[in-house]
Structure formats: C-alpha cells, structure tokens
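Reader: I would like to go through this structure with you. Could we begin with the ligand and its surroundings?

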Amino acid sequence: MTHTKISQMLNINYPIFQGGMAWISDADLAAAVSNAGGLGVIAGGNAEKHIVEIQIDKIRTLTDKPFALNVMLLSPFADDIIDLAIEKKVPIVITGAGSPGKYIDRLKEAGIKIIPVVPSVALAKRMEGLGVDALIAEGTEAGGHIGELTTMALVPQVVDAVSIPVIAAGGIADGRGAAAAFMLGAEGIQVGTRFLVAHECNVHRNYKEMVLDAKDTSSVVTGRPTGHPVRILKNKLYRQYCDLEKKNASAEELEALGAGTLRKAVVEGDVTYGSVMAGQVAGLIQKEQSAAEIVDEIFAECEAIVKKIAGRA
Ligand code: TUI
C-alpha cells in the first residue's frame with residue numbers, strides 16, 4: 001500500500017498528505033510529516049506573502065524531504081502566494097477552494113508539480129485537461145471549506161473519470177479509512193483532523209482538547225446559504241450562526257459573523273466564539289502522538305487490514 005504512483009512521483013515513503021489547514025499547517029508540522037516519510041504541507045491560508053515566506057524558509061532548515069505549499073484560492077493574496085511558490089521553487093503546490101486554471105501554465109513552466117483539490121468529477125476532468133499532475137478528491141466529511149459529495153461517492157467517480165493519480169481526502173483518520181480509500185482506487189490519502197493533535201502541531205491547546213472531546217455528531221456545517229460551506233465543531237458561534245439564519249440574515253451578515261473566527265480559535269484558543277474547523281472523524285481521535293507515530297500507525301493498521309482481507313479470499 002505504501003508504493004503507489006503518487007509516492008513514486010513525489011519521492012515520498014508513504015502516500016499520505018498532511019492537510020493544508022489555514023493558520024495551523026506551519027513549518028513545524030509539515031517538517032514533522034515530511035521527516036516521517038509523508039508529504040508535509042504548509043498552508044498559505046489567508047496569510048500575506050512575507051508570512052508564508054518565513055515558513056518556507058523555516059521548513060528548509062528542518063527537513064530536506066519534499067513538502068508542498070497549499071494555496072487557498074479564496075485568499076485575497078492567492079496571486080502573491082503563487083508568485084512566492086515560483087520564486088522559492090517549492091516542489092509541489094496544492095490548491096483548494098477554487099479553480100487554479102489561471103496559474104497552471106506558470107507553475108508548470110517553473111517545474112512545480114500541481115495537485116488541486118476537487119469536489120466534483122467535472123472539475124477533476126477540467127483539471128486533468130489543463131495538465132495537472134494528480135488530484136485530491138475531497139469529500140464533505142472533511143473539516144473547513146467543503147463540497148457536497150461524500151468521499152465514498154466522490155473518490156471512485158473521480159478515479160473512473162481521470163487517468164492521473166487520485167488522493168482521497170475527507171473522513172480518513174486511521175488505517176481503516178486509509179484501506180477503504182485504497183479500495184476505492186485512490187493512490188494516496190490526505191489526513192487533516194488527526195494531525196491537529198500531533199505533538200508538533202502548534203494549534204492552541206483548547207483546540208486540541210475540543211478535537212479529543214468530540215463525538216460522532218460534534219461537527220456541523222455553517223455557510224451553506226452564503227455558498228461557502230465550512231465544517232466546524234459545534235459551539236456558541238454555531239448557535240449564533242443558526243439564530244442569524246433563522247432570522248433570514250443576509251449573506252453579508254452571515255459572512256461577517258465568521259470573519260476572523262478561525263484565527264480566534266487557533267491562535268487565541270477561543271473555542272467558544274471561534275471556528276474550530278475539524279472533520280467528521282474528530283470523534284475517532286482519542287490520543288496525542290507525534291506525526292511519525294500517526295503516519296506509522298495508519299499504515300501498519302492499513303496493511304494489517306488488507307492482509308486480513310486477502311487471507312479470507
Ligand atoms: O480549501 C479547503 N478547505 C479549507 S480552506 C479554509 S480557509 C477558509 N476560511 C473561511 C472561509 C472559507 C475558507 C478552510 N478549509 N479544502 C479544499 C477544498 N476545495 N474543498 C472544496 C474545494 C473546492 C471547491 C470548489 C475546490 C474547487 C472548487 O471549484 C469551484 C470552481 O471554481 O469550479
């Protein structure tokens with residue numbers, strides 16, 4: 001399960017990507033995942049170029065392994081972050097929350113591998129046509145900004161529609177989820193929520209506690225009326241959001257309630273009125289571990305499951 005087209009293409013030992021989580025996925029977490037043999041990802045999020053530049057310079061002091069930069073296309077600084085990826089010769093760019101069409105030629109010219117997150121078959125086909133290297137098919141179980149389809153339904157449909165490698169994301173936190181993703185035809189997995197509780201993850205302590213305390217129904221979706229659905233863990237902010245929705249508040253009012261709330265949770269530890277973005281698998285996560293322990297455990301479990309199934313045949 002560890003030797004797939006994607007691990008060969010990116011020169012990594014395990015086909016696992018760490019989710020590019022805005023405000024959270026910094027050089028410390030990304031280097032830990034890359035040093036563990038996976039693909040560490042620095043998230044540009046909504047940050048300005050000089051902030052992201054510091055993280056790119058830092059990761060190069062922490063690892064000589066491949067890493068990726070996640071460019072969040074809803075960011076007002078997305079153009080600058082793409083320029084930065086090219087200037088800094090980042091090996092891999094992952095894009096999310098939109099179509100990276102207008103950047104693809106420049107990234108390819110710079111020799112940067114490009115892997116967009118897609119929530120649908122239509123976008124997957126369009127991206128393949130533009131010459132991207134692989135795709136991340138992310139289901140609605142994921143934390144943060146999400147699409148409509150579940151991972152179980154999306155991944156095999158994307159796999160059937162394209163010939164480039166597909167990485168499954170959304171709802172994967174352990175070896176069982178990884179094995180399921182490979183059964184659906186994925187060549188790799190992306191894991192976000194479980195890395196929130198990695199020792200090397202610098203998210204606020206309160207955020208980690210909320211993930212560890214979460215149960216199956218703790219995650220909810222806000223923002224459907226504004227067209228930017230975001231999965232978070234239920235708290236007072238969510239209840240305020242529901243109250244506003246019931247009052248038929250405008251999209252602007254709803255967007256205003258969400259502004260700045262991710263930073264509030266991640267940096268200040270305000271998990272009451274901040275956005276605690278996490279996936280539906282938060283309820284599975286019971287313990288804090290190093291990034292290397294997480295990576296090793298996921299693949300050991302995955303291989304044991306696959307062997308067990310093969311033994312039944
Ligand atoms: O991007 C994510 N997850 C994120 S970004 C983020 S930061 C944020 N903060 C506040 C509001 C919104 C975002 C938190 N979590 N995941 C990747 C992802 N991409 N999920 C869904 C998509 C996506 C959606 C539409 C990708 C492409 C797309 O294309 C639409 C089009 O242009 O055709």
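Author: Certainly. In this predicted model, a nitrogen atom of the ligand lies 2.9 Å from a polar backbone atom of Ala-97.

Reader: Which residue has an N or O atom in its side chain 3.1 Å from a nitrogen atom of the ligand?

Author: That residue is Glu-138. In addition, a polar backbone atom of His-145 is 2.9 Å from a nitrogen atom of the ligand.

Reader: How much of the ligand does the protein bury?

Author: The protein buries 74% of the 720 Å² that the ligand exposes when taken alone.

Reader: And which elements give two or more residues to the shell around the ligand?

Author: They are α6, residues 121–129, and β7, residues 144–145.

Reader: How many residues surround the ligand, and which are the closest?

Author: The ligand is surrounded by 15 residues, and the closest are Ala-97, Gly-98, Leu-123, Glu-138 and His-145. By class, the shell holds 8 nonpolar, 5 polar and 2 charged residues.

Reader: Let us stay with His-145. What is its bridge partner in β11?

Author: The partner is Val-230. Strand β11 covers residues 230–233, and 2 bridges join this strand to β7, the two running antiparallel.

Reader: In what order do the strands of that open sheet come?

Author: The order is β7-β11-β10, with 3 strands in antiparallel pairing.

Reader: Why is one side of β7 and of β10 left without a neighbour in the sheet?

Author: Both β7 and β10 (219–222) stand at the edges and have a single partner strand each, so one side of each lacks a neighbour in the sheet.

Reader: A change of topic: how much space lies in the second largest pocket?

Author: The second largest pocket holds about 290 Å³ of space. It is lined by 16 residues, of which Trp-23, Ala-43, Gly-44, Ala-47 and Ile-51 are the closest to its centre.

Reader: Which element supplies the largest share of that lining?

Author: Helix α3 does, with 3 residues. Both β2 (40–43) and α3 (49–62) supply at least two residues of the lining.

Reader: And how does the lining divide by class?

Author: The lining of the second largest pocket has 9 nonpolar residues, 5 polar ones and 2 charged ones.

Methods:
Residues numbered from 1 in each chain as written. Predicted model: local features only at pLDDT ≥ 70, side-chain atom pairs only at ≥ 80, totals over all residues. Heavy atoms only, no water. Near = heavy atom within 4 Å. Polar contact = N/O pair within 3.5 Å; in protein donor to acceptor, adjacent residues only side chain to side chain. Areas by Shrake-Rupley, 256 points an atom, 1.4 Å probe, with all protein chains shown as cover. Helix = DSSP H or I, 4+ residues; strand = E, 2+ residues; numbered from the N terminus. Nonpolar A, V, L, I, M, F, W, Y, C, P; charged D, E, K, R; others polar. 1 Å grid on protein atoms, 1.4 Å probe; cavity = no way out; pocket = protein on both sides within 12 Å on 5 of 7 lines; lining within 4 Å. Points joined across faces, edges and corners; volume = space filled by probe spheres on them. Pairing = 2+ DSSP bridges.
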